[in-house]
Every structure is written in C-alpha cells, then in structure tokens.
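User: I am new to this structure. Please show it to me, and then I will ask about the terms.

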Amino acid sequence: MSAITPAQSPKSPLQKLRSATGSRRIYMHTLLIGVAVVMLYPLLWMLSSSFKPDTEIFTHPGLIPNALRPENYSEGWSGSGNSFSLYITNSLIVTIGAVIGNVISCSLAAYAFARFEFRGKKIWFGLMLGTLMLPTQAVLIPQYTIFYNLTWINTYLPLIVPKFLATDAFFIFLMVQFIRSIPRELDQAAMMDGANPLQIYWKIILPLMKPALITTTIFTFIWTYDDFLHQLVYLQQNDKFTVPLGLTLFMDQTSGSSYGAMFAMSTLALLPTLICFLVFQKRLVEGLATSGMKG
Amino acid sequence: MTTAKTDEVVKEPPVPATPSDQRERDRMRRRLARRRGGGWWPYAFLAPWFIGLFGLTIYPMLDSLYLSFTDFDLLTPPQWTGTENYERMFTQDPVFWDSVHATLVYVVVSVPLKLALALGVAMLLNRDLKGIGLYRAAFYLPSLLGGAVAIAIVWRQVFGGDGLFNDFLAWFGIKGQDWISSPDTALYTLVLLAVWQFGTPMVIFLAGLKQLPKDVYEAAAIDGASPVTRFFKITLPLLTPIVFFNVVLQIIDAFKTFTPAFVISNGSGGPLNSTMLYSLYLYKKGFTDLQMGYASALAWVLFLVIAGFTAVNFIASRYWVHYDD
C-alpha cells in the first residue's frame, strides 16, 4: 500500500463533516460561546455581587459594580457568631480524613477484586456494584442510630470512619478498572522474587495506580466538602460546623440584611472546588469519562 | 479492558490415595489454591470493605426494615406497631403525597431534559475546533459545583422576585414574578438547576462519541445519509449502552436530591410543599420530628422505588440497548 501523507491526501468525507470551515466554524463558536455564557453567568453574577453594596445587588444587575465594597468579605468572614476560619478548619479535618480513608480502603478492596480469585468473588463484586446504586437515604436513619449509640453525634467520626471502610463503591470500581490495565506480568515477576501480596500491592500496584489515586483524592475532596446532608445530620453545635453548614447559618441569620457578605462567603466557599477544578480539570473529566465507558 | 485469565483448571493426578500420597496431594492442592486465590489474602485486603458492607449497609438496611414497623423516637426503645407507618403514609399523610408528586415531577422533567442537553452539547463538542477544551470545562464546571450549598444560595437569589432571571426577562418586556415563592414555579427552579448541571452526563457521552467507529460514518456520508439519518441510524444505536448508563445514574441521582430543595425553601419544602422532595421529607420526619420509625418506612419505600425504577430500566434495556457482541 502506498503511503499517503496527510497533506497530500484529499479530505475524507468524514473529515469534511467534522472540520467545518469558514462561516460554519464562526457559527459553531458563536453557539458554544452563547451556551458557555449562560452556563457561567450565575457564577459571575455571584462573584460580582460579592463586591457590591447591598443596595446595588438587586437594583443594578450588571456584572461591573458601580462601587466596590470589599468589606463584604471581612464582614462575612467574622460572620455570625463564629469566624469563617473555624468552618474552613472543620471542613479541612473532615475532608482530609475522608480522602485518606478512601484512598487506603478502596485501593485495598480494588486490589483484591482485580487480582485474586476467591470463593464468591462474583457475588461480592455484584454486591459492591449494588451499593453503588443504593441511595444514602435508605441507610441514613439506622446509621444515625448506630453512631448515636456510639455517642459519635456532633463529632467528625461519622463523616470520616465510614470512608475507612470503603463505603464509596464508586472509587473501588474506578480502581478495579485501573488495576486491570496494569500488566499482570509485573505482579508475577515480583511473586517469583518472593514478594507477598502486601508487598506487591505496596511496591507495584500503588505506585502504578497513582493517576487513579489522584482522581479519587480530588473527587473525594470535592464531594465530601460539598456533602451537606450528612454534615447537617451529624454536626449539631455551631463550633463543629463545616463550611456548608456555616453558610446556611449565615443565610438564616442575615436574611434580608446583608446579601453582599453572604455572596462573599458563598464565593469563598466555592473557591477550594474551583481551584481543584482549574488544576485537575483534565484528570476530573477523564476519571468521569472512564467510569461511563464500562457501562 | 479485558482481564488476563491466568488461572487454568487444575487437573488432579489420578493416583490411588495412600495416606502419605493424600497428604502430599492436599499440600499440592493447597499450594495451587494459594497461588490462584491467595488463600486468605483477598479477605485481608477486603476486610475494611466487609466491615463496611455488613456494618454500614446490610445491617442498617435490616435494622431500618425493623424500625419501619415501629414507633421510634431515638430516645426511648422502639415500639412495635406493625404496618401502621405504611398505612399512615399511604392513607393519612397528604404531605407524603405532596412529596411523591414533587419528586416524580422533578425526576420526570429534569432527567430527560438534562440528558438531551448533555447529548446535544456533547455532539457539538465532538469535532475539531479551537478551544474545545475550554468549552468542555465551562460546561462541566456547574456540575462539579452542583451539590454545593453556595450554588443553591445563588440560585435562590437568581430566581427571587428582584433576581437576575427577572432582569433577563425584562429585556424581552416580560414582567417576572417571585419564582421561588410561587408554588406553581418553585419546583421548576429546582428542575432548571438540575438541567444546568448537565456536565457529568455530557462528559460521559463525549467519551462514548469519541469511540464510535469512523469508517461507518464515512461510508454513510458517501452513501449520502443526511446528518439526521446518521444521528438516528448510527450515533444513537451505537451509543445506547452509554445512554442507558446515564439514564440509570441520573434517575437515581434525581431521586436523592436534597441540598437545593433544603436551601431554596429554607428547610421547609415550601411554598405549599411544592419543593418537598422526598429526601427532604424523609430528613424532616427523621431528624426534625424525631419520627425515626416513620422515616425508616419512608426510606424503605424510597429504596424500593429506586430499585424498581432501576430494575425496569435494566429489563427495558434488553429491547433498546445494543452491545457490540
């Protein structure tokens, strides 16, 4: 077969379809920019409102404030009762605990599912996938009574300990898929050298599955940070509150009076997620995409 | 990805069993089993997951089944009341029906809209165009922020009486209203919020579109198939496994929606229970009214409904989902 360089080859019908030229291209960009503006406008509006005086937020809907009022941030930060720094510290405790728990427990379970044959493996694996679909609300009440009897209410334990028990099946599934793509020859070579499964897990599998671990870390961080229901149920005293709870508190107490400060703190509350998104955008999207490909 | 099959069927040598042979054979078998199955190793790796599965999923499910037949306020021991909770739910609790109605409307309206938008935008993004990564990021961002309280707060203000949405309508000379405090429209602000977050299924659709065989399109284009024909005869059939995956996931997700309903209605589910999504009602019954028995019954009904929807999805999928092999 004679080699045709791309430059010489005429465009295939498909390429013609895909790479629209000229006016069609401009039309596409206009359409996509239009959608993007609609998608991002509420966020930009929040950002701009966070710098506006209260009087201006609803009377002057444009994005550029007439007058800048950065005091919204300092006022919101000192907040109602507790400083926002307390809520952020609390959120950090919860999210870091959850991340460590998920990374350890889910990778252990995933390694077992991906690399061993054992009695009832199919059934256990099926159960694991089943828990993926189980709504958290279905076990919320009895889990609450368990933690209540353990006197863990109003501590961070109910938010962190379950993560050490691999309750987020999504990540087990993600990691199983990833480990399956690691050549088994590597494990077998290590086994020949006398490594036991724990050593193989630690020295071969874990280092090679770093991309999956990073995806797990970011998603666990964001999802735990945003998880309002469980924090609302388990944390009762203001000094234990996390960022989402701190925000609702804010919303209740200042209703009608200090919108600027509320938007300022809402903006700050979104910042960790936004930073994760900007830094790890590609990885987040890929992690999600691979989860869907397996059906 | 295919799993390399390394385990072969081990045939045992047909030798007469003398005691020492038997011992030898047992040892051999154990060693082989160890190599294939790793003996107790897999169970050691799965230990945390087993504890979680039994302690935090299976036992709680059974416990809540028991609690659903009791009157339980957390502080005093549960009192067995038989099917009273379920009877009350279906016959004497109008708020339960309000929440069922709100949830079904929410699921039935938001899921198809969201998926249609996700697929449409994914198809727009599936071509060579400069800055495609930026668009993808912009469309995915709202989904990632979706569950946050801050977003729900913003949404509440955007659709409030003097909010952004009414300013937008004013451009077209339409006089708005307070969408959040009207029982006719409050639920649809939640639907709109869900639809706005079409990024997750979009990313999954996009990954699926990228895997479609190009030669089929080429052949179809040469045969003069129109874009509409190509979409319905090629794209959609080949994409059905991914459509199915997204449908199942989005329905489950929609049934679980809690945060925006809580924030937008200030925890009340109002106005007139119009935003009383099922999860919010369950929360109120369990944790505001401390009717844990009744809330457990609600939880079981939710579980059965979701399982039912998922099962119907799987059964129906036999008729419309096409797998390659």
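Analyst: Here are questions on the terms, with answers.
This is a predicted model: local features need pLDDT of at least 70, side-chain atom pairs count only at pLDDT 80 or more, and totals for chains, interfaces and linings use all residues. Residues are numbered from 1 along each chain, chains are lettered from A in the order written, and side-chain values use heavy atoms, without hydrogens and water.

User: How do you know that chain B and chain A are in contact?
Analyst: Contact means heavy atoms within 4.5 Å. By that rule, 102 residues of chain B are in contact with 101 residues of chain A.

User: What area do chain B and chain A bury between them?
Analyst: Buried area is the accessible area (1.4 Å probe) that two parts lose on being put together, summed over both. Here that is about 9,200 Å², with 78% of it on carbon and sulfur atoms.

User: What makes the pair H29(A) and Y135(B) a polar contact?
Analyst: The rule asks for a pair of N or O atoms within 3.5 Å; within protein, one must be able to donate a hydrogen and the other to accept it, and residues adjacent in sequence count only through side-chain atoms on both sides. The side chains of H29(A) and Y135(B) are joined at 2.8 Å, so the pair qualifies.

User: Why is P158(A) called buried?
Analyst: Buried means under 20% relative accessible area, exposed over 50%, partly exposed in between (1.4 Å probe, protein chains only). P158(A) is therefore under 20%, as is L159(A).

Technical notes. Helices (H or I, at least four residues) and strands (E, at least two) are DSSP runs, numbered from the N terminus.
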